[in-house]
Structure formats: structure tokens, C-alpha cells
2 protein chains.
Amino acid sequence: MTRNDTKKAYEKLLSLTSEAYLLRSCMAILEWDEKTYLPKGGSEHRANQLALLAGMVHDKITSPEIGDLLKQLEGSPYLSEEDTFEAANVREIKHFYDKTTKIPKSLVEELARVTSMAHGVWVEARKKSDFSLFLPHLKKIIKLKHDQAEAVGYEKDPYDALLDDFEPGATIDGVSEVFTKFRQELVDLVAAIVDSGKCPDTSILRKDYPVDRQESFAKEAAKAIGYDFDKGRLDVTAHPFCTGIGPGDVRITARYNPKYFGDAFFGILHEAGHGIYEQGLDPKRYGTPGGDSVSLGIHESQSRMWENLVGRSKSFWKYFFPRAQKIYPEVLEKVKLDDFYLAINEVKPSFIRVEADEVTYNLHILLRFEIEQAFFKGDLKSEEIPGVWNEKFKSYFHITPPNDAQGCLQDVHWSAGYIGYFPTYSLGNLYASQFFNKAKEDLGDLDDQFAKGEFSNLKNWLQENIHMRGQRYRAEKLAEVVTGKPLSHRPLVDYLKTKYGELYGV
Amino acid sequence: MTRNDTKKAYEKLLSLTSEAYLLRSCMAILEWDEKTYLPKGGSEHRANQLALLAGMVHDKITSPEIGDLLKQLEGSPYLSEEDTFEAANVREIKHFYDKTTKIPKSLVEELARVTSMAHGVWVEARKKSDFSLFLPHLKKIIKLKHDQAEAVGYEKDPYDALLDDFEPGATIDGVSEVFTKFRQELVDLVAAIVDSGKCPDTSILRKDYPVDRQESFAKEAAKAIGYDFDKGRLDVTAHPFCTGIGPGDVRITARYNPKYFGDAFFGILHEAGHGIYEQGLDPKRYGTPGGDSVSLGIHESQSRMWENLVGRSKSFWKYFFPRAQKIYPEVLEKVKLDDFYLAINEVKPSFIRVEADEVTYNLHILLRFEIEQAFFKGDLKSEEIPGVWNEKFKSYFHITPPNDAQGCLQDVHWSAGYIGYFPTYSLGNLYASQFFNKAKEDLGDLDDQFAKGEFSNLKNWLQENIHMRGQRYRAEKLAEVVTGKPLSHRPLVDYLKTKYGELYGV
């Protein structure tokens, strides 16, 4: 092929891809609406609409024309010049095309059928706290996910094929290496904190926090850290999420507890973090991998950075606590900043992942990662999950779940076929700390800036170094390009030890 | 073709059509979102999404497969057994297919381009109250609408081809016949009311009506008349509308003026009337003409019936006025029902159509119908529109618009290429009265029921006689089937004369 032909093929490939992105973004609005404003009676029609669009998106993604164009581009400079946007676009389109076309339609349908049924059973099983109800469905799912891994293919471990759905390019070996080093230090830190006997007074967070004020205060904070409400909005949902519809339209959601400060405020910072990432993507590259987010892990690094590294920092609250006192004078007027700061950073082993603090959260993830690896590999029989869960839990957290509902049945993921998803949460925390260290190196005293309510330097740094790069690099490579180092557990462990060492005197 | 082949062809035709409906309903959600919650920055992306879907819907509607199936069905019993749902489905699908495929793509695109530009110019021209700015664009639009009429074809008058877009099957002759008789009686009634010298005190409607209470009161009323909030919702927009997304999802919108009672309340009753129609369609026939609304005129008959014939009746307010007094004690406690009833039924010639009362409203429409007929036929040069408008206005309303902004430039329709749309508003009023008379014949004393807050008999009657019939009959035929008589000006004129005769002693 001549250089000109190659260019034409590349442009055609991008134009087809971009139409699929655009159509997929129509689904995103329907999904957002389903979770925010859809009237009760509209569910069935919505399901029909989404099924139609999903089929059309699938047809676009897997069209033989894309296959032909990819063949034409094989061996061209577009593929060989590694890490250019052009090469990345072809690499990711090809990756996705290959994967999607390799999975037989019958398997896709069977997975949809089985997980749809499993979801209902899981809800019931959790309610009754009876893992045995869920067990046969989990077994079917594991079997089908094996079929999926075999269909897609993998280099070394079938689990890698699943991981790839959420963290493209990540492998069990790479993740395990970091997680293993991470685990022991975490377990020790948690033990030291528990042994310190220090117990923050968190009752100040559990008072009357009127919902309208929670909303306006959290919106002020989200705006301050850089979430742009002219290109987004905040609505109420049962399960908060962020959705990037397209350039200029990135929406976040929240739920409010009128008797608890923490949920909505940190939830909104978290979703705003995801939102800032989506809003920071290059709008000129919209519709191509170069204008898309890298992976769940990198996405989570952005949300967790704003929620925890920034939003739970002392300097953040130096600026925002006086404002909080004005907004909630009845409950906060007489509270001291230090006590508030300690309360929002309480570390306490507990059973439920989504309620966990910044330190123990990662142990919840490591435990799930170890268990799902084991049962997927066959080292652990599915029926042994509850026992092993509780055993591991005891050794990491020093407490034992009283039942399956508060143990191995608490999360929806496995019932949905999301095996390989959990690690991305901790990868997010790890990436966040590593990026944050580098940002501090580049930008000087961020704490000083935060204490003045200035967050734009960090936001701009993230946009330039991460968001605008889209999928030019995969996650691990991106970390190396941005920080000069491969992913390591060190920055996160050091951060946790320093922060919680001070707070708990350990 | 064997009977079996015909059946197969019919079923395939319906399945293709229903996919187009389903895809069109995805656009409806995007359009609803655009007008309610879309962030400012998302407009361009939304336009791209809608353009993509519009193209896909167009492809589905005009697919050669539909053409082939329609040909196969020609002369089959499905077409010859007039007025069965099957015949109606084929009739309407064929009608729409023929029309859509006859208009060249270049004309569709040119119309989109010209009207898009004309809209901006119209906004500017209205602001400056200068018709001459808009004139060249209107000329282009008239020319293109002639091209459209020629492409689509017509039996007698090219205007019929345009009318057909909004009121399928209606003709200028049929409409003119009813409107001409209607006009003189209306002009006389308005003159008599003006001469009566009676002037209601409408200041009671222009006080503090807090928006949250307006919303809850109007919702209560909308619910009472039969709009189902489990299958719908009410949101805020600049220009209120109703949109039927699909079975179980029919949404209405409103705008509120905190200093005026009328706008939101009657606007919401109006949209709820449209909504009750959409919610009353047969869900089993969704995706086919048999499960769709008949025409703009019939749609408007439903909204106007609930807004005016019911919502501005004395009996309605016998029930709701005491509730209004409780909700707005500050402004209504000492007001008498009769005075309130007179205030909401004030008849007063005024320049702006959308602010007009129940009596003069129709004159606004007749005037526009006469003018657009004339300029489309060429009997009236476009540059003469302002002069003729003001002249006619003077003779119907006894007042003369002070400028074009309050005269011939007030409405958006012509700038959008909507020639043939205006008559449907008055057709709606005419159909409403005729249906309402029949309902009263069938159901006994409706006033007595309304005064007790009971509206379900009327709602059920409408659903059975009109909504559930979908497009089985076209508008004129539907009126005959339901009321036993062809459309006539008599019921509306009699209603107006009786009601306003009493109110104004004329």
C-alpha cells in the first residue's frame, strides 16, 4: 500500500469507529436517564431501546469493513511507530475488534442470560444471607468466563483475559507482584492502628445535615477542584456514578443521607474526580481511543486522588472547614478542625467494602482478588468461598463476618460476571499515590495551595499528563511515562503510614 | 401470493416499522433531555447524536425492503378490508413511505439548511420588529415548500400536500368550509363581548404564586384528570411540550411564572391532556400506526378538552377552587368562586396568539390560515404580509398591532417551514367540542362528576373511543365514527356562545 492508501484506510477506520462511539453515547444518555428520571412504567420500553442500540453498536464495532481496514493497516508505519496517537488508535481498535469478534454470539447471549438470572438470585441470597442459593449460578458464571477467556485467548493465564476487560494489558503476574508487597505492610499498619486504641469521635458526622445544604456545599467543593458544571450536572441516584456522554457533557450523581455528612460529600468528590478526567479528555480526539480514558484503574486513580489524597487532607479542610461551619452552624460551630479531620479519617476494620476507610479499603480488595483468582483457577472450590473468605478476613482485619451477607455475598460484581474487576480499585489507589507524588515534585507545595482553595495547578497537571493523553499509552506505560517509574506499592504505603502514623500515633 | 405469504409480508413489514419506531423513540429521549437537563456545553455533541440517529431512522423508514413488502401487499385483503387495524397499518406505512421516498435528499437537506438559517434571522427580525429582514428567507422557504408539494404530489391543491404533514388526509377545501362558517360567528361573538363593556378583575391571578405550590397543585390536578405519573413525569422547560417516549413513558413539561397563576396551571392541564392521549394508546400496538396518535388536530383536541372544556369550566372549579384557596390562602382566601371563574375566562382581543383566551384564540388561527394559504398560492406577495395581517387583525379584533413583532413576526412556525400547521390548532378546538358533546350524551351529567373531582368516566370514554383506536381511522373519519357526524363548527360555536353569553351577558 502507498502511504496515501494507508492514510485513507486509517481515516476510514477512525470514521467508522467514531460513529460507533457516537451511537454508544446515545446509549449512555438512555442509561443515565434510566437511573435518574425514568418513570417506573418505562422500564420495559427502555430495555427494548437499549437492546436495539446495543445490537447496532455491536454491528458497527464488528463490521467486516473494520476487519478489512485493520488488515490493510497491518505492518504499516501506523502500527510500527509505537506510542504515537495513530499507532495507539490502531492498536486499541484492533484489540477491541479482535476480542469482540472472537467471542461467539452464543456465548455473549448465554452470559447475558445467566448473569441476568444470577443477579436476581444474588439479591435474594444476600437478603437471606445464604451463599448456597447463589452457588450454582456462580459455578455457571465461572464456567462461562473460562469459555470467554479461551475464546479471546491469553498469553499465560486465563485470568489475564478477564482482567483485560477492565485493565487492558494488565496481567495476574504484574498485579500480584505489587499486591503481595502491598498486603503485608497494610496488614501491619491496620494492626498497629487497632492496637493504638485511639477512637475518633465520629458522632459529629452523624447529625442533621439537611440534604439541600449537603448538595450546595458538595457542589461548591466539586466546582472548586475543577469539575465544570457548564459541561456537566449533578443528580440523585441510588448508586452514584459518573458518565461521560461526550465532549461538554459529563454527568455525575449522588445519594444523600440527611443524618450523615460523609456519604454524599466524599461520594461527590469521588464522582467529580471521574468527571474531571472525562472533561479533561481531548475533545478533538473524541470518537477515537486517543480521546478516551485508559482503564478502570486509571479512572479510579483520578476519583480516589480527589476524594482521598486531596479531599481527606488536612490542607483541604483548612480551606473548607470554616465554610462547612458556616453552612452547618448547628452541628459544627463548636467542633475543632483537628477533631473533624480525625473523624473523616477514622480507620476501623469493618465488614462492608463500600463503607471502608482509606486504609482498610485496600485489604477488602486484596482479599477479593486472591479469592477470585483461586476459584477461577480451580484452586478453590466455589463452595469453599464463605469459609476461606471468613478465614482471610479474620487474619487481615481481626474480625469475622457474622454471616455471608456481610461477607462473601456483599458485592454485586461476581453475579454480573465481573471477575477481574476488583483489582482495579486498588490499582486506582496505587496509581493515584504515584501520580500525586510526581505532581508534588513538579508543582511544589500543593498543601499550601489547597489550604487557599486553589486546586487548578493539580487539575491542569493531571489534564496535561494524563487526561489529554487518552489511550496513547496503556496504564502501566502511562505511569512510567508520567512518573518515570513502574507502578509500585511504595508511594501509597508511605502515604498511608505517614498520614495515619501521625493521626494514630503509630 | 398465498394468504400465508401475505401474512408473512405483513408481519415483516410491521417488524421493520416497529424497529424504526423504537429507534425514533431513542431520539425522543435525547430531545427531551436537550430541553430539560442538557448542560450548556453539550449542545454540539447532542446535535451530532441526533443527526446520526435521524439518518439511521430515515434509512430504516425508506429501506427498499419496506418498498418491496408494500408492493407484495398491494391488492391483498390487508388493503381492501378498509378500516381494519391491518389495513390502517399498511395504509399509513405506505403513505409515509411514499411521501418520504418521493422527496429528494437534496431537497430535505436544502430545507434543513434554509430553515436553520431562517430561524436565526427570524429571532433577530422579531427582536428588531423588522419583517423585511425575514422576507428573503420566507421567500426561499415558500419556494422550497412548493418543491416539496410537487415532489410529494397532491390531488387538487399544493397546500394539501403540506397540510398532510400535520393532518394526514385533510384538504384546504374541507378545512376552509368549516373555518368559513366558523369565522363570522366568532367575529360577531368577540364584538358582542367587547361591546358588553364587562371587564373581569384579573389582578387576582397576578399575585404571588410560589412556584413549588404551583407545581404541586397542578400535579394534583393533572393526576385527578387521569395523567399517570407512574408512566410519566413533569419537568421544567422554556417552551412546554409533551413527548411520548413509548409505552409507560410519556413526559410533560411546564414553565412557571411566580407572579401569575394561569400560565403553568392551564399549561400543565394542556400538556397532561396530550399525555393522557399518549398514555391511552394501545401498548400492544406500539411500533405500528395502530398504536400511534392520529394527527396534530386530534392530539390538540385532547389537550384543549382538558385545558378548556374541563379545566376552565365552572364545575371543575367547584371542586378545585376550595383547594386552591387552601394552597394560596394569602391571595385567594377572600376571593369568590364566581370572580375567579370569570377571571380565568376573560375574553380580551390581544396581539399575541399564545396569550389569547379561548374565544379569540381561534381568530388568531383563522387569520394565519388565510394568510399562509394566500401567500403559498401566490395571491398574496410575501412583502404584503404585514399590511394584510394588520388589516385583517383590525377587522377581526378591532385593534391594530403596533409593530411586526406583535403582528406577523410573533410565531416561529413559518421560519421552521411549518406551513399548514396553524389550522391544526383550531381543528383541535373543533374536534374537542364535538367529541365532548358526544361524551356528555353517552355519560350523562359530566358537570356533576367534575364538581366532585371525578374525571375517570370522561378519561375512559376518550381512551376507548379515541386513544385505543390509534390511526385506525384518519381524523375526519374518526370524528364520524365517534360522533356519528362529520366535523362541524356548530358544537364549538354553541359552546362558546353559551358559556361566554352567560359570563358576559351577551
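**Exercise 1. A salt bridge and its surroundings**

Is A:Arg285 buried, partly exposed or exposed? Work this out, then do the same for its partner.

*Solution.*
Step 1. Keep in mind that this is a predicted model.
Step 2. Take the relative accessible area of A:Arg285, which is 28%. Buried means under 20% and exposed means over 50%, with partly exposed in between. So A:Arg285 is partly exposed, at 28%.
Step 3. Find the partner. The side chain of A:Arg285 meets that of A:Asp282 in a salt bridge, at 3.6 Å from N to O.
Step 4. Classify the partner. A:Asp282 has 8% relative accessibility, so A:Asp282 counts as buried.

**Exercise 2. Two more pairs in chain A**

Place the pairs A:Glu185 with A:Lys497 and A:Glu441 with A:Lys438 along the chain.

*Solution.*
Step 1. Recall the principle. Side chains of opposite charge can pair when their charged atoms come close.
Step 2. Start with A:Glu185 and A:Lys497. Their side chains form a salt bridge of 2.7 Å, N to O. A:Glu185 sits in helix α9 (residues 172-196) of chain A, and A:Lys497 in helix α22 (residues 490-504) of chain A. They are 312 residues apart, so this pair links distant parts of the chain. A:Lys497 is partly exposed, at 39% relative accessible area.
Step 3. Turn to A:Glu441 and A:Lys438. Their side chains meet at 4.0 Å, N to O. Both residues belong to helix α18 (residues 423-443) of chain A. They are 3 residues apart, about one turn of the helix. A:Glu441 has a relative accessible area of 58% and is exposed.
Step 4. Put the pairs in context. Over all chains, the structure holds 80 salt bridges.

**Exercise 3. A three-stranded sheet**

In what order do the strands of the open sheet in chain A stand? Describe how they pair.

*Solution.*
Step 1. Read the order. The 3 strands stand as β1-β3-β2 in chain A, with mixed pairing.
Step 2. Name the edges. They are β1 (232-236) and β2 (242-246) of chain A, and each pairs on one side only.
Step 3. Check the twist. Neighbouring strands are turned by 20 degrees against each other on average, direction ignored.
Step 4. Inspect β1(A) and β3(A). They run parallel and are joined by 5 bridges. A:Val236 has A:Ala254 as its bridge partner in β3(A).
Step 5. Inspect β2(A) and β3(A). Strand β3 (residues 249-254) of chain A runs antiparallel to β2(A), with 4 bridges. A:Gly246 stands opposite A:Asp249, and A:Gly244 opposite A:Val250.
Step 6. Look at the turn. β2(A) and β3(A) form a hairpin with 2 residues between them. A:Gly248 in that turn has a positive phi of about 80 degrees.

**Exercise 4. Covering the middle strand**

Which residues lie on each face of β3(A)? Then find a helix lying across the sheet.

*Solution.*
Step 1. Count the buried residues. In β3(A), 6 of its 6 residues are buried.
Step 2. Split them by face. One side holds A:Asp249, A:Arg251 and A:Thr253, and the other holds A:Val250, A:Ile252 and A:Ala254. Both faces are covered.
Step 3. Find the helix. Helix α11 (residues 262-280) of chain A lies across β1, β2 and β3 of chain A. The helix runs at about 170 degrees to β3(A).

**Exercise 5. Where the chains meet**

How many residues does each chain give to the contact? Continue with area and charge.

*Solution.*
Step 1. Count. Chain A gives 35 residues and chain B gives 35 residues.
Step 2. Take the area. About 2,600 Å² is buried between chain A and chain B, and carbon and sulfur atoms give 68% of this.
Step 3. Find the main contributors in chain A. A:Tyr37, A:His45 and A:Leu52 lose the most area to chain B, together 21% of what that side buries.
Step 4. Look for charge pairs. There are 6 salt bridges across the interface of chain A and chain B. In one of them, A:Arg46 pairs with B:Asp249, the closest N and O atoms being 3.6 Å apart.

**Exercise 6. Nonpolar cores**

Which residues touch the most other members of the largest nonpolar core?

*Solution.*
Step 1. List them. Of the 133 residues in this core, they are B:Phe261, B:Phe265, B:Phe316, B:Trp317, B:Phe340 and B:Leu458.
Step 2. Follow one. Beyond four places in sequence, B:Phe261 touches residues including B:Leu205, B:Phe217, B:Trp317 and B:Phe340.
Step 3. Find the second core. This separate core has 130 residues, among them A:Phe351, A:Ile365, A:Cys408 and A:Ile466.

How values were computed:
Residues numbered from 1 in each chain as written. Chains lettered and ligands numbered in written order. Predicted model: local features only at pLDDT ≥ 70, side-chain atom pairs only at ≥ 80, totals over all residues. Heavy atoms only, no water. Core = buried A, V, L, I, M, F, W, Y, C linked by side-chain atoms within 4.5 Å. Buried < 20%, exposed > 50% of the residue type's maximum accessible area, 1.4 Å probe, protein only. Contact = heavy atoms within 4.5 Å. Pairing = 2+ DSSP bridges. Axes fitted to C-alpha atoms, helices over the stretch in contact; angles between N-to-C directions. Buried area = accessible area lost by both parts, 1.4 Å probe.
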